[in-house]
Amino acid sequence: MIAFIPSESLVSSAMEADPSIMEFAFSKRVALASPVTLWSVLKTVAFSWQQDVLTQEAKELFDLSRTLYSRLSTTASHIEKLGRSLERTVKDYNGFVGSFERQVFPAARKLNALDESKVIGVLNGIEESPREITAFELVTELELELEPRDMHGVDKLALQEKAAAEQSAAEQSGEDLKSA
């Protein structure tokens, strides 16, 4: 609690009359404040509140960034799993098309020789493969997650070198922009 004394001279007179008055007030958890002292106390309190708000916002930002990074990590593993599934699906499709062309079409062509009114179209394989994940953060997170498992033929050292080279190139281009 603060006891406001509206004049500096009143505080000085009280201190001259009883030098222990300030200590007595503090022992009762009361601060005696002249206009100058009160102004300093109010400014200090206002600054403290601002710092507390900034600290709370910084903590919230830190918590949000940690949550976002965790979610990105989970998303990266889902992306990698989806990529493997797509790759397997493409391989299975291409295997099916190849088998169909080798096994079924020859017999169908013999039937077609008997009745040429129907023509079976050509089945094309899928040449497109899933795009590799190259973002340094995602590749690193996948490496950590997949380390105990088989990486399905992926050369981990090459993956790490590629990610490091990309990060270095990104950092270099950032430095080039700063120096320009």
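This report covers the confidence of a predicted model and then the salt bridges and one further residue of helix 3.

## Confidence of the model

The structure is a predicted model, and its protein chain has a mean pLDDT of 78, with 76% of the residues reaching 70 or more. Confidence varies between the elements of the chain: helix 2, residues 21-27, has the highest mean, at 88, while helix 5, residues 156-179, has the lowest, at 63.

Over residues 148-153 the pLDDT stays under 50, and for this stretch the model has 5 contacts beyond four places in sequence. Where pLDDT is low, the predicted coordinates should not be read in detail.

## The salt-bridge network of Lys59, Asp63 and Arg66

The structure holds 4 salt bridges, and in helix 3 a network of such bridges links Lys59, Asp63 and Arg66. Within this network, the side chains of Lys59 and Asp63 meet at 3.0 Å, N to O, and the two residues lie 4 residues apart in helix 3, about one turn of the helix. Asp63 also forms a salt bridge with Arg66, for which the closest N and O atoms are 3.5 Å apart; here the separation along helix 3 is 3 residues, again about one turn of the helix.

Two members of the network can also be described by their accessibility. Lys59 has a relative accessible area of 48% and is therefore partly exposed, since that class lies between the limits of 20% and 50%. Asp63, with a relative accessible area of 29%, is likewise partly exposed.

## The Glu80 and Arg84 pair

Another salt bridge joins Glu80 to Arg84, with the closest N and O atoms 2.1 Å apart. Both residues belong to helix 3, where they are 4 residues apart, about one turn of the helix.

Are the partners in this bridge buried or exposed? Glu80 has a relative accessible area of 16% and is buried, and Arg84, at 18% relative accessibility, also counts as buried, because the cut-off for this class is under 20%.

## Arg88 and its separation from Ser129

Arg88 is found in helix 3, which spans residues 35-114. With a relative accessible area of 45%, Arg88 is partly exposed, because this value falls between the 20% and 50% limits. Although Arg88 and Ser129 are 41 residues apart along the chain, their C-alpha atoms are separated by 9.9 Å in the model.

Methods:
Residues are numbered from 1 along each chain as its sequence is written. This is a predicted model: local features need pLDDT of at least 70, side-chain atom pairs count only at pLDDT 80 or more; totals for chains, interfaces and linings use all residues. Side-chain values use heavy atoms; hydrogens and water are left out. pLDDT is the predictor's confidence in each residue, from 0 to 100. Contact means heavy atoms within 4.5 Å. Buried means under 20% relative accessible area, exposed over 50%, partly exposed in between (1.4 Å probe, protein chains only).
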